[in-house]
Amino acid sequence: MFFVVFVAWGVTFTTFFIANVVPIDPAIAALGDNAREEQIKEFREHYGLDKPIWQQYLIYMGRLLSGDLGNSLRTGRAVLEDLKEFFPATLELSVAAFLVTLLLGVPAGILAALRQNKASDVTVRILALIGGATPVFFLAVLLQFVLARQLDLLPVQGRLDGFTFPPPRVTGMMGIDALLARDWAAFLDSLRHMVLPAFVLGMFSAAILARMTRATMLEVLSQDYIRTARAKGVPGRAVVFRHALKNASLPVLTLLGGLLGGLLSGAVLTETIFSWPGIGRYVTQSATSLDFPAVMGVTLLVGLVYALINLVVDLLYAFLDPRIRYA
Amino acid sequence: MKLLKAVGLIAAISLGSALAQDRTQTLIYGGDWSDLITMDPQVSYEFSGGLVTDNLYETLVKYEGADLSTLKPGLAESWKVDRGRDTWDITFRLRRGSKFSSGNEVTAKDVVYTFERALAIKGPGSFLFTEIAQLKPGATRAVDNYTVVVSIPKTASPGSFLSILTFNIGGIVDSETVQKNAKGNDFGKEWLTNNSAGSGPFRLVRWDRGSQVLLEANPNARIKPKLQRVILREIKEPAVLRTALESGEIDIAEGLTPEALRALSNNPRFRTLKADSLRLNYLGMNVKEGSPFANKLVRDAVRYSINQDELVNGLVQGNGTKIQTLIPKGLLGYDPRTPYTFDPARAKRLLAQAGYPNGLEFELLVSTGICGGGIPCADIAAKIQSDLAKGGFKANVKAIANAEVLRTYRAQNHQMVLVGWSPDFPDPDGNATPWADFNARSLAWRNVWNDPTAIRLANQAALETEPAKRVALYRLLTDYVLKNGPYAVLYQPAVPLGLSVKVEGYVRNAQGQVRFENISKLP
């Protein structure tokens with residue numbers, strides 16, 4: 001808990017410091033070329049930008065302690081409102097990408113380990129190499145061009161077709177909102193729109209996961225207890241899934257936690273290319289206009305989610321490994 | 001059981017698609033709308049905000065089609081300007097029977113409320129009312145239900161005021177509905193950020209920030225649109241914009257790259273359009289004492305060094321118009337003459353005359369972003385650099401973030417900048433005063449150009465009400481600034497658009513206004 005608070009403080013301090021050493025005036029960035037001197041002066045006063053930096057920081061921290069993330073310099077809205085608006089889209093996409101990671105990475109890794117040095121292993125390893133080395137934007141544009149434009153199988157961008165009426169906003173996650181409204185057409189349409197961005201976003205982590213799963217599985221499969229299990233006649237499937245996979249899952253789990261966090265913060269490019277209205281796109285736009293309350297809000301949110309994921313991973317350890325117990 | 005579920009699902013899907021709106025009734029307009037921050041007509045001062053609110057709210061007077069020089073009746077069926085003792089009194093007669101989306105009739109009290117609201121809220125565009133028109137609280141009066149008189153001081157230009165009224169800040173709001181939704185003293189500002197209360201042909205149904213804006217035909221509007229729904233889809237990446245247009249996900253793509261435009265022009269399913277803008281891309285030269293550009297000969301040498309034809313036809317690929325004077329094409333007083341031709345030998349002679357026989361080295365500031373016409377500013381700077389080299393200059397190009405370019409420029413700390421300018425309102429004064437009047441603390445001030453002749457001409461032209469005399473004055477001014485001013489105008493960029501051939505009636509005026517009610521879609 002103390003660690004989380006320390007991390008949060010570090011995040012605010014670093015972001016604040018970076019935002020203030022960049023030699024760009026947020027007032028001019030927000031108001032543009034035609035803005036009059038009086039407007040710029042008013043803007044600075046309104047947002048307290050005319051005060052010394054240390055004072056600005058203290059004011060910000062004071063507000064933060066009461067749960068107020070301040071107002072965005074660019075949109076004028078409360079940052080918390082903006083986060084509520086954009087985070088669900090990112091969460092939806094990250095979870096979908098995480099499923100892609102799991103469903104591609106783990107089976108591919110197991111397959112490769114069981115068929116070590118055979119054709120399927122080599123294929124998995126080559127694919128993992130390509131998947132891990134292909135830049136996101138290249139993969140995205142390539143898939144958009146082939147699957148969406150040439151073959152017309154999937155949509156190019158957005159969360160819903162323009163001709164589909166969006167369901168009422170409840171959670172902000174389009175698929176869930178469509179389900180809640182029992183709007184099956186919108187639900188299927190939202191799934192169709194999720195395929196490409198989720199695949200593109202999940203590809204890199206799936207490649208890493210496949211390699212990790214393969215390596216740990218190989219290690220576990222060479223252990224004595226596996227040989228014992230096989231010797232006493234335990235069926236092959238049970239050996240792989242009950243004995244080997246469970247023991248191989250610990251290091252994989254650690255990796256997964258990191259990967260999920262990475263998906264959340266790594267959605268910047270994917271969101272931009274697929275016009276996905278999440279925090280990745282929001283933070284890019286905020287950063288270029290030096291909207292530091294917004295950047296800080298996103299950084300804090302991502303930091304907290306990371307901490308949360310780590311906590312969940314730690315708890316899962318205990319579940320998977322009876323030797324670990326928390327008092 | 002499973003079979004039953006599957007049948008149900010299929011039935012639901014087919015029902016959904018049957019219910020889905022007829023495709024010819026929905027227009028999907030893709031572009032970078034990321035500057036959208038509010039739908040409130042008196043607050044919005046962004047391009048995209050104007051694009052939306054112009055279709056939600058009607059103004060008293062308006063421009064039609066691409067013409068920005070003739071005012072047409074809007075909510076006011078007629079208007080006249082009277083010379084009072086100390087004021088200009090502008091009387092508007094409202095049409096009867098115009099209705100807001102709530103069903104309330106548009107009357108004089110709504111006009112008074114709207115103008116007072118604009119003054120009270122003090123949005124980013126409010127200087128148009130307070131400074132340009134010098135409008136004061138209480139200066140808008142309802143004479144009867146359908147007559148409004150607005151008085152502005154004699155020092156303000158009635159022509160400018162009327163042209164300002166075509167902007168969204170002059171979009172008349174439903175005073176009853178807005179007051180009902182007001183919180184404290186906010187004049188309904190919070191509510192109007194996400195809702196509409198206008199008499200325009202469309203009403204706002206839904207705004208998913210960062211994603212799309214959904215408009216539907218306003219059932220009570222006087223102007224009946226040809227389409228039922230318009231969706232503005234936010235797509236920031238030009239490459240994705242093109243793919244989305246080609247795959248039929250959007251009907252119109254605004255802001256394509258020159259390459260995409262060329263590719264689409266060879267495809268029979270699409271047509272391309274280079275819509276005018278009122279923007280001018282130019283070089284600004286700091287003429288403060290001690291600066292080499294303080295010498296008029298040096299500024300002339302710069303203007304003779306630039307190969308404008310090569311720039312416009314080559315690098316800009318026709319996504320812009322060649323222009324040298326300060327009033328853009330499309331506005332009253334535009335002067336098409338281009339007396340400065342590419343003549344590096346003459347530039348070298350002028351430089352030698354000015355005391356720089358061995359050339360002149362200086363810094364050229366430029367943004368790292370995209371300049372008008374979809375071209376990276378740095379590319380334009382490189383072209384200018386090589387042109388200037390032929391004329392004997394050595395320009396050291398420094399590319400920095402746009403906000404930083406502006407900060408330096410506004411502090412008068414540049415030697416030469418490459419920037420753009422769009423007028424705040426569609427009147428020649430929207431350019432003339434900033435470019436010529438040092439006291440306006442705008443472009444002339446930033447370049448430290450304090451010239452009494454230019455200031456006198458700009459002020460005189462702004463207040464002239466007779467159009468022919470006004471044009472004559474602007475002729476004098478534009479010619480004077482062209483030859484003496486601290487600028488070298490490069491080109492007037494166009495906005496590159498791609499449209500499905502099914503879309504008809506699309507017109508984008510140089511202010512970026514598009515009247516959705518005139519657009520229709522073929523099956």
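The paragraphs below lead from the cavities of this predicted model, through its salt bridges, to a nonpolar patch on its surface.

A convenient place to begin is the interior, where the structure holds six cavities of 30 Å³ or more. The largest cavity has a volume of about 240 Å³, and of the 22 residues that line it, the closest to its centre are A:F86, B:S34, B:L36, B:R209 and B:G210. The elements that contribute two or more residues to this lining are α5 (79-114) and α13 (279-288) of chain A, together with β8 (202-208) and β9 (212-217) of chain B. Among the contributors, α13(A) gives the most, with three residues. Sorted by class, the lining of the largest cavity is made up of eight nonpolar, seven polar and seven charged residues.

The second largest cavity, with a volume of about 150 Å³, is lined by 14 residues, of which B:R303, B:Q324, B:L482, B:A488 and B:V489 are the closest to its centre. In chain B, α18 (467-484) and β20 (487-500) each supply at least two residues of the lining of this second cavity. By class, the lining of the second largest cavity has nine nonpolar, four polar and one charged residues.

B:R209, already met among the residues closest to the centre of the largest cavity, leads on to the salt bridges. Side chains of opposite charge can pair when their charged atoms come close. Over all chains, the structure holds 35 salt bridges, and in one of them the side chains of A:E85 and B:R209 meet at 3.8 Å, N to O. Because A:E85 lies in helix α5 of chain A, while B:R209 lies in the loop between β8 and β9 of chain B, this pair joins two chains. Are these two partners buried or exposed? A:E85 has a relative accessible area of 14% and is therefore buried, and B:R209, at 10% relative accessibility, also counts as buried. The pair belongs to a network of salt bridges that links A:R77, A:D82, A:E85 and B:R209.

Two further salt bridges can be followed within chain B. In one, the side chains of B:R508 and B:E254 meet at 3.2 Å, N to O. This pair links distant parts of the chain, with B:R508 in the loop between β21 (503-504) and β22 (520-521) and B:E254 in strand β11 (residues 252-254), 254 residues apart. Both B:R508 and B:E254 are buried. In the other, B:K383 forms a salt bridge with B:D387, and the closest N and O atoms are 2.9 Å apart. Because B:K383 and B:D387 are four residues apart in helix α13 (residues 377-390) of chain B, about one helical turn separates them. These two partners, B:K383 and B:D387, are both buried as well.

The last stop is the surface, where A:F137, A:F138, A:L142, A:F145, A:V146, A:L151, A:L153 and A:L269 make a nonpolar patch of about 750 Å². Which element of chain A gives the largest share of the nonpolar patch? That share, five residues, comes from helix α7 (residues 136-150). One residue of the patch, A:L142, is found in this helix α7 of chain A. Since its relative accessibility is 42%, which falls between the limits of 20% for buried and 50% for exposed, A:L142 counts as partly exposed.

Definitions and conventions: Residues are numbered from 1 along each chain as its sequence is written. Chains are lettered from A and ligands numbered from 1 in the order in which they are written. This is a predicted model: local features need pLDDT of at least 70, side-chain atom pairs count only at pLDDT 80 or more; totals for chains, interfaces and linings use all residues. Side-chain values use heavy atoms; hydrogens and water are left out. Patches are made of residues with over 30% relative accessible area and no salt bridge: like charges are joined within 9 Å, nonpolar side chains (Val, Leu, Ile, Met, Phe, Trp, Tyr) within 5 Å. Accessible areas come from the Shrake-Rupley method with a 1.4 Å probe; for residues, only the protein chains shown count as cover. A salt bridge is a side-chain nitrogen of Lys or Arg within 4 Å of a carboxyl oxygen of Asp or Glu. Buried means under 20% relative accessible area, exposed over 50%, partly exposed in between (1.4 Å probe, protein chains only). On a 1 Å grid over the protein atoms alone, a cavity is a set of points where a 1.4 Å probe fits but cannot get out, and a pocket is an open set with protein on both sides within 12 Å along at least five of seven lines; lining residues have an atom within 4 Å of a point. Grid points are joined across faces, edges and corners, and a volume is the space filled by probe spheres set on the points. Ala, Val, Leu, Ile, Met, Phe, Trp, Tyr, Cys and Pro count as nonpolar, Asp, Glu, Lys and Arg as charged, and the others, Gly among them, as polar.
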